[in-house]
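This briefing concerns the chain shown below. Please keep the sequence and the structure in view while reading.

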Amino acid sequence: MAEVVSSVASTLLANLATKSFQEITLACGLEDDIQKFESSLRIINAYLIDAENKQAKNRSIDEWLKQVREAFDDAGDILDEIEYEAKLNEVVKMYGSIITKVRRFFSYTSNPLAFRIKMAHKIKDMKQKMDEKIREGRNLGIIEQHVNTPALEHNLPWRETASSLPSRVRGRREEKAKIIKSLMTQKSEANSIDVISIVGIGGLGKTTLAQMVYNDTRVKANFDTLMWVCVSDDFDVKKLIQKIIHAASKTENVVDSNSSLEYMISLLNQNLHGERFLLVLDDVWNENHSKWDELRNHLLEAGGDKGSKIIVTTRSEKVADIAGRNLVMKLKELPKNECWWLFTKCAFQEEKEEEKYPRLKQIGEQIVEKCKGVPLAIITLGCLLKSKFHDENEWRKIRDSEVWNLDQEETDILPSLRLSYNHLPPEVKQCFSYCSCFPKDYEYLIIELIMFWMAHGLLQPTREGEDAEDIGELYIKKLVSTSLLQIDEAAAYGFPKFKNLMTFKLLKMHDLVHDLARLTMKESSKTRTIVQEGQQEASKEWTSDKFNYLRVLHLTKHMESSSLPDDCFATMKKHLRFLNLGNYYLEKLPDSICKLQNLQSLWLGESYGFPEFPKNMKNLIYLQYLNLMIANTSLSSMNIGCFQQLKFLYIYKCSKLVSIPSAIGRLTTLKKLGFHWCQELVKFEDEEEEGKQHVVVNNLNLQLFFITGSKKLDALPKWLERATKLQYLSISIMRIKSLPTRMPMTSLEELYIDNCKELSSLPNMDQTHKLQYLKIHYCPILGARYNKQTGPDWAKIAHIPHCEVRYNRSGE
C-alpha cells in the first residue's frame with residue numbers, strides 16, 4: 001500500500017513542478033499557498049518510506065496510509081480545479097464575447113479575486129490535513145526518511161522482449177505430437193465435433209502449446225480454415241459467434257454486436273459451410289453445459305460435421321469434461337533441463353554465458369527450482385535478473401525473498417510475478433496497476449495506453465525536451481523487458497507497420513499478470529475511470545455525481561443509444577482528460593463536450609450520424625490527441641487550426657471526407673499525422689488557393705506522416721516541405737504522381753511506398769543518410785527505376801541497409 005501511495009505523492013509533486021502549472025499558479029496569485037502545501041507534501045512523502053517497512057506489522061499504519069491516499073486524491077482534484085479555471089480564462093479571452101467576459105468577471109465563482117480566495121482556502125485546508133497526517137504518523141512511530149531513487153534507465157532494450165517468446169519455446173514435443181495426431185485422425189462420432197482440451201495451472205504454457213500446434217505446417221495443410229478466439233471469463237454465445245466470424249473472415253467489423261443472433265448464424269454458415277475448420281478457444285472458464293451445447297450446435301449447423309476440430313485451453317478439468325473428452329492433455333511442469341535452458345535464454349545475453357559465472361549459475365539453478373517448472377515464472381524472473389547486470393547480491397535477494405513463502409492459494413499470483421512487480425520503479429508500478437482497468441485479453445494499443453496513463457497524471461517529464469509520450473514508451477519498454485507485458489509485432493489494423501516505431505504496436509497481458517495488476521491497484525473512493533465494454537447503457541448515469549471526478553471515460557464497444565444529453569459532459573468538465581466514444585453511433589455530438597477544457601485525448605469512432613460539430617469545438621485548445629472516424633464531408637466546423645497543443649491526429653475511415661483544411665499545416669506542435677481509407681478525399685487545401693495574404697514559413701515538428709486508401713487524391717500537401725524532422729513516412733495512394741519536390745529527407749529513418757501505380761520518382765534520395773528501411777511494393781514505374789538488377793536509379797538507394805523493391809504481385 002505504501003508504495004502505491006508514494007507513487008501518488010510523486011505524481012502530485014511532479015505535477016506541481018511542471019512549468020505550465022507554475023505559470024498558472026503565478027497568474028492566479030496562488031504561488032505562496034502552493035509552495036507551503038508542497039513543503040508539507042514533501043515531508044509526508046518522506047514518511048512513506050518508513051511506513052512501507054512497518055505496515056505489515058501494524059494495521060493502524062495501513063489505515064493511516066489509506067487516509068493519506070484519500071488526502072492525496074483530494075489534493076489532485078484541487079490542482080485540477082485550478083488548472084481548469086486557468087484554461088477556461090484563456091478560452092474566454094480568445095473567443096468569449098463582451099457579454100460573456102462581463103458576466104464572468106462579476107460572477108462569484110469566476111471572478112479572479114473570488115476564485116483566488118476560494119482556492120487559497122482549499123489549499124490551506126489541504127495543507128492542514130497533510131500536517132495532521134504527519135502528526136498522526138509520528139504518533140504511530142513512523143519516522144522521516146530520505147532515499148534517492150535511482151532514475152529509470154533510458155536506453156532499455158526494445159527487441160529483447162516477450163514478443164520473441166516463440167524462439168524461447170522449449171519442450172512440449174510429445175504433447176504437441178499427440179495433439180497433432182489427434183487432429184489428423186478422423187472424427188470419432190457422427191454428428192459431432194472432436195474437442196481436444198489442454199488443461200493446466202496458470203502460466204504452465206497452455207496457450208503456447210496451442211500456438212505451436214496452430215502454426216504447424218501439417219495442421220495448416222489439413223484444415224481449410226483456422227480460427228483463434230480468446231474467451232476468458234465471458235462465455236456469451238452470441239459474442240463468441242461474432243468473434244468466430246471475424247476470425248474466419250480475417251476481417252474486423254464484419255458484424256457488430258447489435259446484429260441479431262439469426263443474422264450472425266447465417267454469416268457463420270456462409271463462412272464455414274463446406275469447410276473443415278480448426279477452432280481454438282483459448283482460456284475457457286465456462287462450466288455451463290447448455291451454453292457449450294448451444295455453441296457446438298451452431299458450429300455443427302455451419303458444417304462442423306466434416307472433420308472439423310476444436311482445441312480448448314483451460315485451467316479447469318470440469319470445463320474439459322463439459323467440452324468433450326476426445327483428448328484431454330493435462331500439462332505437467334517442464335522438466336528440469338528444459339527449465340534451465342529457458343532460464344538461461346532469458347537471464348543471459350549469449351550462448352553458454354552462464355559458464356563464465358559459476359556462482360550466478362548456482363544461484364540461478366536454485367531460483368529455477370523455486371519456479372516449480374512453470375514457464376511463465378521462469379521467463380519473468382529470467383528477464384528480471386537479466387536487468388540486474390550479473391549483480392550477485394541482487395540475484396541472492398531474489399532467491400532469498402520472503403515472497404516465495406506466500407500462500408499461492410490465497411493470492412493466486414505466482415511469487416515470481418510478485419517479485420517482478422516489487423522490483424519495478426515506483427512510477428512504473430503505478431502505471432502497471434492501472435492496466436487492470438481494462439478487461440482481460442484486451443489488446444492495448446501503445447498510443448492509447450500512453451494517453452490513458454497521461455490522463456491520470458502518471459507521466460511527468462523530468463528532462464528538458466522530454467514529453468509524456470517519451471516517458472510512456474520508456475515505461476512500456478520496462479514492462480515488456482520484464483515480461484509483464486507482451487508485444488505483438490504486428491501493428492494494429494489501420495496503422496502502418498514501422499519497424500522501430502512503438503506507437504501503433506499492440507500489447508497483451510497474461511491473465512495471471514492481469515490478476516497481479518488488479519491486486520496491486522488501489523482505487524480511491526471516487527470514480528476516476530470507466531472502461532465500459534459490451535452493450536451496457538451508460539447514458540442512464542450521465543448526469544449523476546458518479547461522474548464528477550472522472551478522468552477517463554472509455555466506451556469501447558457498440559452502445560444502444562444514438563444520442564446523448566446535451567449537458568452530459570457538464571459534470572465532468574473539470575477533471576475529464578480522456579474521452580473515447582469508440583463505437584457509439586451518434587446523430588449529434590453533445591454541446592457540453594466544448595466545456596472539457598482539461599481534455600487531452602478525444603477518440604470519436606464510427607459516429608456516422610452527425611453532419612456538423614458543435615460550434616464551440618474550438619474551445620478545446622488544450623487537446624493533444626485526436627482520433628476521428630466520422631461521416632463529415634469537411635472538418636471546417638471543427639476549427640481544427642485552433643488546437644494549438646495537438647500532437648497526434650489520426651483520421652480513419654472518414655468515408656465522406658473530401659478535403660483537408662490548410663490549417664493542419666500550421667499546427668507546429670503536431671508530431672504524428674495519419675490518414676487511413678478516406679476514399680473520397682480529393683485534396684489538401686493550400687493557403688495560396690485560399691487567397692491568404694501571408695505564407696506560413698514556420699517549420700513543422702512532424703515526425704510521422706502516413707496516408708493510405710484515398711482513391712481520388714493525386715498529390716500530397718505542399719506543407720510537407722516544411723516537415724524538416726520527418727522520420728517515418730508511409731504512402732499508399734494509387735493516383736499519386738509525385739511527392740513534394742523540396743520535401744526534406746535528411747531525418748527520414750523509414751520510408752514505405754506501396755501500391756502507388758503512377759508514382760515515377762522519389763525526391764532527394766541523396767539526402768537520406770539516416771534512412772534504415774525502404775520498401776517499394778507494387779509500384780511498377782518506381783520499382784523498375786530502383787530495381788537492384790536493372791534499375792537506372794538503384795545507385796541512389798544502394799546505401800540503405802534494409803531495402804526491398806517489389807514492383808508486381810509475383811514479387812519480381
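The points that follow are grouped by topic.

The model is a predicted one. The briefing takes up an open sheet of five strands with parallel pairing, the enclosed strand β19, two helix crossings, namely α20 with α24 and α21 with α23, and the loop residue S761.

**The five-stranded sheet**

- The strands of this open sheet are arranged in the order β2-β3-β4-β1-β5, and their pairing is parallel.
- The edges are formed by β2 (225-232) and β5 (327-330); each has a single partner strand, so one side of each lacks a neighbour in the sheet.
- On average, and with direction ignored, neighbouring strands of the sheet are turned by 15° against each other.
- Four bridges link strand β1 (residues 194-199) to β5 in the parallel sense, and V199 has K330 of β5 as its bridge partner.
- Helix α8 (residues 173-184) lies across β1, β3 (277-284), β4 (309-314) and β5, and runs at about 170° to β5.

**Strand β19 and its partners**

- Strand β19 (residues 728-732) is largely enclosed by the rest of the structure, because five of its five residues are buried.
- Y728, S730 and S732 point one way from β19, whereas L729 and I731 point the other way; all are buried.
- Strand β18 (residues 704-708) pairs with β19 in the parallel sense over five bridges.
- β20 also runs parallel to β19, and four bridges join them.
- L729 of β19 stands opposite F705, and L729 has L751 as its bridge partner in β20.

**Helix α20 and its crossing with α24**

- Seven of the eight residues of α20 are buried, so this helix is largely enclosed by the rest of the structure.
- The buried residues are P415, S416, L417, R418, L419, S420 and Y421.
- The axes of α20 (residues 415-422) and α24 (residues 511-520) come within 10 Å and cross at roughly 55°.
- The two helices are therefore oblique to each other, and the crossing of α20 and α24 is right-handed.
- The contact involves L417, R418 and Y421 from α20, together with L512, V513, L516, L519 and T520 from α24.
- By class, the residues of the contact of α20 with α24 are six nonpolar, one polar and one charged.

**The crossing of α21 and α23**

- Helix α21 (residues 426-434) and helix α23 (residues 468-481) have axes that come within 10 Å and cross at roughly 80°.
- This angle makes α21 roughly perpendicular to α23.
- From α21, the residues E427, V428, C431 and F432 meet Y475, K478 and L479 of α23.
- The contact of α21 with α23 comprises five nonpolar, no polar and two charged residues.

**Residue S761**

- S761 is located in the loop between β20 (750-754) and β21 (773-777).
- Its relative accessible area is 28%, so S761 is partly exposed.
- The C-alpha atoms of S761 and S738 are separated by 6.7 Å, although the two residues are 23 residues apart along the chain.
- Apart from neighbours within four places in sequence, S761 is in contact with L782, R785 and Y786.

How values were computed: Residues are numbered from 1 along each chain as its sequence is written. This is a predicted model: local features need pLDDT of at least 70, side-chain atom pairs count only at pLDDT 80 or more; totals for chains, interfaces and linings use all residues. Side-chain values use heavy atoms; hydrogens and water are left out. Axes are lines fitted to C-alpha atoms, for helices over the stretch in contact, and angles run from 0 to 180 degrees between N-to-C directions. Angles under 35 degrees count as roughly parallel, over 145 as roughly antiparallel, 65 to 115 as roughly perpendicular and the rest as oblique. A crossing is left-handed if the near helix is turned anticlockwise from the far one by less than a right angle, and right-handed if clockwise. Contact means heavy atoms within 4.5 Å. Ala, Val, Leu, Ile, Met, Phe, Trp, Tyr, Cys and Pro count as nonpolar, Asp, Glu, Lys and Arg as charged, and the others, Gly among them, as polar. Buried means under 20% relative accessible area, exposed over 50%, partly exposed in between (1.4 Å probe, protein chains only). Two strands pair if DSSP finds at least two bridges between them.
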